[in-house]
Structure formats: C-alpha cells, structure tokens
Amino acid sequence: MAGAETVVSREGGGRRGRRASGGRGGRGAGDGSAGRGPGRGGFDDDGEPPRKRGWKRFLPNWKIVMAGFVVLAAGVFGMIAVAYANTPLPDENSAKETATSQGSTIYYASKDAKGKPEVLAKLGTKRIKLENLKQDVPEVVQDAVIAAENDTFREDSGISLSGMVRSLWNTASGKQVQGASTITQQMARGYFNNLSNERSITRKIKEIFIAVKLDKEWSKDKVLLYYLNIVPFGRNTYGIEAASREFFGKKTKDLNAAEAAYLAGRIQQPGNFDLQEGKGDRSGTEFRFNYVLKQMAKIWPQKVAPGNVKYADLPTTAKFPKIKKQSFKNYYSGFRGYMINAVMNELQQRNGLKQADIETGGYKIYTTFDKKLMQAAADAVQNNTTGLSPEIHASLAAVDPRNGRVIAFYGGKNYLGKHPDQFNDAFDAHKQAASAFKPYVLAAWLEAGYSLNSYVPGNETVPKVLPGTTKVTNEERMPSGITVTSATAHSINTAYASMAYKLGLDKVKQIAEGAGIPKDELDRDETAHKYLLSIGTAIVTPLEQAAGYSIFANEGKHYKTHVVQKVDKVDGTPFIPEDTTFTRVISPTSAADAIEALQAVVKEGTGRGAALPDRPVAGKTGTNSENKEAWFVGFTPQLSTGVGMYREECVRMKGNKVVKKLNGREICPNGYVGSEISLGNIQGATYPSRIWRAFMMEAMKGQPVQQFPEPANAGTPMNIVEKPAPSPTPTPTDDTGFPNGNGDPNGNGDPNGNGDPNGNGDPNGDNNGGGGDNCLPWDDACNGNGNGNGHGNGNSGDDPLNQGSVQASTPPSPTPSGSRRSTATPSP
C-alpha cells in the first residue's frame, strides 16, 4: 500500500529543517530544494518569530517603544493639567507689600495756615497709583513699554515660547535686550504675594500657570495698568506716575514719545542706570532709548505719536530727552534729623516697626513736635550760649505734663553737615541730676505724711554719719534747723540727705521711678553712693527730668513720655493710637505742697533768674561737684522744661592714660573720645536758668495764664532737729553767689525790676558789680564792690551768708567722667 504511505522529507521541511538552503520557501511539504517551510519567512512552523542573535536581541520592539512614549506623554500632560487646575488665580487684593508699598509721611503737631498738619519729612518709596489706563496713560507710553519689554503682549496668551527661545539665544550671543518673561508674567511675579522671586523651576512653572489664567480672566488693559503701577524705574520710584514726575517733572499723561521711550528703557536695569547716570555716564540709557524707538518703528510704523510724528520716523526725529536733575531733599539735615531719629526709635521700641517698615508702609505719622517751638528751643540755646567754648553742650526738652507729649527739644546743632553730630543730648546725655533731683525726695517726704513746716538740719546731717555715705556738707553758713520750704529754696544738702535717711531710700526711688527715671539707674546709684542719691548722684537726661517734674504740674499724674501722637495707615484708618493711660505717682495734695516749695526756689531762692513776668513758675536748679553739670528744670501748669549743660574735651587714650588733648572742639575727631571737665563758673542759676526762661517766654506767648493749685498745707511737722531761734533770712547760695547785700541782683527782688537781668535785654550790665561786661548777674565773680547805678547792677554789700567766695551747694561726689555717651555711674 505504497500509495497510502506518507512521504517524509529527509532533508528538512519539518519542524527541525531550518538549515536547508534554497528558495524563498514553499507552500507545502517538499524537499529541501523547494524552500524552508511554510510562511513568508522569519517564522517557524508554529508561528513564532525567529530568535534574534547578537546585539539586536536587546532592542525593544518599536511598537512597545511607541506605546511607552504615548503613556509617558499622557502622564506628563496629565500631571501638568492637574497642576494647572490646582493653581488658583490669586485674588487681586492679595498683593505683595512691595507692590503696593509707598513712603510714609511724618507730620508736626502744629498746623499750617490752611489748618493742615505741617510735613516734617517724607521717607521711603515714591509711588503714585494710576486708576484708569486710557485716561492716565497715553498710547505712546503704553506702546513704548510694550516695545521695550514684550512686543507680543497684545496678542500672546500671557506667556511667549518664542520669547523664551529668543532670550536664550540673545543671552548666549550677548545681545540681551528683552527678557523671557512677558509683561503678564512680570506683573504676576511682582504683584501677587504667593509668587516669590526665587530662582526655581517650581516658581517658574507656577508663574506661567498664573500668567495663562490671568490672560483669560483679566483684560490686557488691566494687566498693563497693574504692571505700570508696580514696576520700578529708578531713583527710588515705583510706578510710571512717580517716575514721570521724578525724571521730567510732569504727569504721565503729558509725556511725549522721547520721554516715554526713555522711561520704558529704564525698566530693564533701573538700579544700574541710576549708578551710571550718577557718574555722568548715559551710554546705557541712551542705548535702551534708541532700542525702544526702533522697536516702536518696526512694530507700528504707521502709528502717530504726539506732535503728529509717525512711529517710523521716531528713530531719526526723537532726541534724547532732558532729564530733571535728581533732587536730594535730605530731611535729616539741621535738627530735623534728631526728630526723625526719635520717631524711628520710638516706633521700633514700642511698636516693633523697623525703619524698612516705615519707609514702605505708607504710614501717616503724627508727632508731638511743635515746629515753632522746636525753633524756639534752638534759638534759646544758641542765642544764650554765644561766645562759650564749643566744648560746652547745652540741651533742652519740653513736655506737656497733661499728656506726656514731647512738644520741643534741642539735642544738637546739626544732625548732618560738615561736622555732623547725631548724638541727641536732650534724649541720650545721661548726667548726674545734682540738686535738680531733690524734688523727688520732697515728694516722698510729703507722701509720707510730713509737712513743709517740718524742721530739717541746715548745718550737718542727722545722724552726723549716714551709713555707707561720705560726709555731706553745704559749705554755707546756715541755721541749725530750717523748714523744708527753706531747705528747698536754698538747696541744702544736709537737709535733703537727712530727709532721705528718715524716709528710707526705697521710698525716694519709688517716687523717682514713678516719675520716669529708670529703676536700674536708681538701684545702681544707690549701690554706689547710698544717701548721696538724694542730693543728685543719680543719672538722668533732660527729657527724663522734664517728664519727671510733670508729676508736680499735673496733680501727681505721670504720662509716659512720647514723640508720636498716632499713626494712620495709607487709607487713613487708625493703626497706632496714642497711649493716654497715666500713673498716679503722688497725691494732688502732695503735688500742691511740693509746688509751694518749688515756687519758693524761683521767688526767693536759687532759681530767680527763671522767673516769668506774667505767670507763676516753679522749678529747681542743680549744679554738681566741680561744676561739671548744671541744670534748671521748671514748669508752668501747661509745660515742663528741663535744661542741662556739661563740657567735654577731646582726649586720646592709651589704656587709662591720656596721651593727647584737643581743646575747643565741639565734636571729637576719630581717635579721640570726650572727657568731661568742669563748666567753670557756669551753674544752674546762670545759663541754664536763662535758656529756660528764653524758651518759656516764647512757649507761653499767647497761652492763657493758669495758676497753680493752692497749697494744701497737709501733713504733720516732723522736726528732725530742734526748732532754732529766729535768725536772719539766709541768702540762697546753691549754684551761685549773688552780687548785692540782700541776695538779689539789684536789691529789689527781681533781676532788674522788669523781669530782665539788667533792664536792657542783655544779661550783663554796664559794670555788674565790678565784674565787667562778661560778668553774669548771678555769678560769684560779680560779688565786687560795685554800687547800684540804675543799669541793672546791684549793690554788693556784705552778705552774712555769702561772702563772695562761697561754693555751690552740690553733692560732694564727683561727676562721671568720659564721653557724654557714657552712662557710667560715678564713683563715691
């Protein structure tokens, strides 16, 4: 049965016949010459592809590659879509502070002729917001900015891929004239507070998303207006309107094509262009100016600029504009710098506002300073110290006791200038208070329930040796016992040291601290000087003294001293209100009785040179050892004013040794420090009293005459010593001697009978009791043999308590030496 037999090829054609050579393969079984087997080639009989050999076997199938790419792309685009959807468009009210920041204005308390607060200073960013693009910004200005920064702005979708590519190319080729960011991107980055300026992929992607959304939600005009209001142009200006006024002295709507091109060109590098033009180099701004004009001509050749000039002709017809010279109005010059610095310090210390916050916050800061009285303070000091050594420093501070406002002060001649002095003597010169500290002891005495009629020692302390204290003396002949009023009028050291011993220093310090003197200073001084604290070793400033005496002028109440009344935000809403709280330090009855004793100082004691002709005055003089510091602090019901003086010479130190001195210098040069020395014959009753009176005459001009409250005569007499036998009224000798036989400059109780030292407006008379033209009516040197002559000169007869060589009633301890900036406690 051969016909039924199956024929099998011996050469191949079966499942293993893969090595036979021959044709392209048959369609059925056959011998080896007919083909390799079934199919078109590359597959075995069972349909599997042939296995690859060599490196090709590692290559993936192209279909797999394409499928993977599609999946990856879908994933990336999916993530982008999700990120885009999850990036919200910021609220336009969520602006960065830098986008809306503007300078703050500081005002005087006084008002101008129109009743508006007078401007003291304008600090920080210059910015003027425009509200309507079409009305406020001419088309030529819009076109100039678009040509300079983003020529496709009107057509693009908020971003520009071509711009990014162009930016990369231009940067690589060194021809960078436009950035990669569109105007929309720049506006978003500069305006919204959820976009930082960090250089990162994340921030850039977020910026792109927001720019695309902005382009859909906002009109192009709105985007451009916001951009023009925030973009910097240099000279500390932000926004086109502030820049237009700064560079050309005109509004944006009045700019011509050349001016528009100049400002638009500046956007690229405003800070660098400021530096270049400051050196007289305009090459950078001229290049940008020409670039902008060429861009405008290229993009809109048929448009017409103001003056009926086609944009196409601008590169040849427009001339580089005349730029307004930068005005440097330095508000810190003169004594305004001291006021501004005082405001800055207070806002930072009490409210946490730093200078940068103030310069960008757009605040309206209302100070307590009266412009007229600030000048009066300067005049009072300068006019009454003419001819004195430049080494002598005088300062003044005036406080309204009814609210704690610093109305005026004098802290130095010039905050800036050829010889700038940025140290404010009125606020920062910490000096021994001398006898001007005694009123705090007086207040503690009255608060303890003792009366003014108490008898206190006039010759030596009770006890004779005060624990931990060097011997206290007066160096004047006084009765053994005197009243507290007399001890105050004549500033008797033994009386006040004994009063402090009777009270205990804690009660004295409590009053002084309540009046505003720092507790740490009082504690430090007690440790160093014990009971000498009561007669003036404590360290104070003129401002602290003026504020401290307010407890007497204002019925025992003390308001925290301040130089800022209030702060409003840029829209006028209140931001920082005035602190109107007060502390009651002493009772009204104690204040009234203290005033009685302090009035005696001016009526019959050491402070008569401060008397005002039309109203009551109370106060206290002070001069310390070696006349190193001299004070007069006094008040009316409306105003408390402190005047202090000291002297420094410039020395060069090597270790603790002085190796060189410079005399006659107001400000010490580098390498030298100020060392405090004696004021000479200047005492509290001389120049300080005169300065105080000159200022208060002006400050009280036109003010109603107010009387002090009637004395309460409260308390119980506390006789530390026995009541003495009647004796002649002692002559006041604290701080000075007096040039006549009755303790008055002219024998009638007034300096000259009309409220002036000599009747001719000059503190010195024709002879002044033998002292000559340079002699002061209150100086010991004036105790000559002159006779009264009707020209303000007294009759220097024999004074049983003042023989012309009496020293001032002062603390026996030395004044702290060193720079006026030093607050070191003096050694006992």
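Two strands count as paired if DSSP finds at least two bridges between them. Keep that in mind, because we will use it a lot. One caution before we start: this is a predicted model.

Let's begin with strand β21, residues 640–654. What does β21 pair with in the antiparallel sense over five bridges? One such partner is strand β23, residues 673–677. Look at R647 in β21: its bridge partner in β23 is I677. Now look to strand β9, residues 392–399. β9 and β21 are also antiparallel, and eight bridges join them. Here R647 comes up again, standing opposite I392 of β9. So R647 appears in two pairings, because it has a bridge partner in β23 and stands opposite a residue of β9.

Next, the strands just before and after β21. Strand β20 covers residues 629–635 and pairs with β21 in the antiparallel sense, over seven bridges. F635 stands opposite S640 in that pairing. How many residues lie between β20 and β21 in their hairpin? Four.

On the other side in sequence we have strand β22, residues 657–662. β22 pairs with β21 over five bridges, antiparallel once more. C650 in β21 faces L662 in β22. These two strands form a hairpin as well, with two residues between them. G655 in that hairpin has a positive phi, near 70°.

Is β21 largely enclosed or left open? Eleven of its 15 residues are buried, so the rest of the structure largely encloses the strand. Buried here means under 20% relative accessible area.

A general point for anyone new to strands. In a regular strand, side chains alternate between the two faces of the sheet.

Now to strand β1, residues 104–111. Six of its eight residues are buried, so we can call β1 mostly covered. Which strands does β1 pair with? One is strand β2, residues 117–123, antiparallel over five bridges. Y107 has V119 as its bridge partner in β2. β1 and β2 make a hairpin with five residues between the strands. G115 sits in that hairpin with a positive phi near 85°. Another partner is strand β8, residues 364–367. This time the strands run parallel, and three bridges join them. T105 has K364 as its bridge partner in β8.

Next, a sheet of three strands. The sheet is open, the order is β3-β5-β4, and the pairing is mixed. What is left without a neighbour at the edges? β3 (126–127) and β4 (232–234) each have a single partner strand, so one side of each has no neighbour in the sheet. β3 pairs with β5, residues 237–238, in the parallel sense over two bridges. In that pairing, K126 stands opposite T237.

On to helices. Helix α14 runs over residues 336–351, which is 16 residues. From first C-alpha to last, α14 reaches 22 Å, close to the 22 Å expected at 1.5 Å a residue. Its buried residues include Y338, M339, I340 and V343. E346 is on that buried list too. After the helix comes G352, with a positive phi near 75°.

Y338 leads us to the next stop, G411. G411 is in the loop between β10 (406–410) and α17 (425–428). Is G411 buried or exposed? The cut-off for buried is under 20%, and G411 has a relative accessible area of 2%, so G411 is buried. Leaving aside neighbours within four places in sequence, G411 is in contact with Y338, F423, N424, D425 and A426. Then there is F427. G411 and F427 are 16 residues apart in sequence, yet 7.2 Å apart in space, C-alpha to C-alpha.

Last, a helix pair. Helix α11 (residues 270–278) packs with helix α12 (residues 283–299). Their axes are 8 Å apart, at an angle of about 125°. Why is this pair called oblique? Angles over 145 degrees count as roughly antiparallel and 65 to 115 as roughly perpendicular, so about 125° falls among the rest, which are oblique. F273, Q276 and E277 in α11 meet G284, T285 and R288 in α12. By type, the residues of this contact divide into one nonpolar, three polar and two charged.

Conventions
Residues numbered from 1 in each chain as written. Predicted model: local features only at pLDDT ≥ 70, side-chain atom pairs only at ≥ 80, totals over all residues. Heavy atoms only, no water. Expected span 1.5 Å × (residues − 1). Buried < 20%, exposed > 50% of the residue type's maximum accessible area, 1.4 Å probe, protein only. Axes fitted to C-alpha atoms, helices over the stretch in contact; angles between N-to-C directions. Contact = heavy atoms within 4.5 Å. Nonpolar A, V, L, I, M, F, W, Y, C, P; charged D, E, K, R; others polar.
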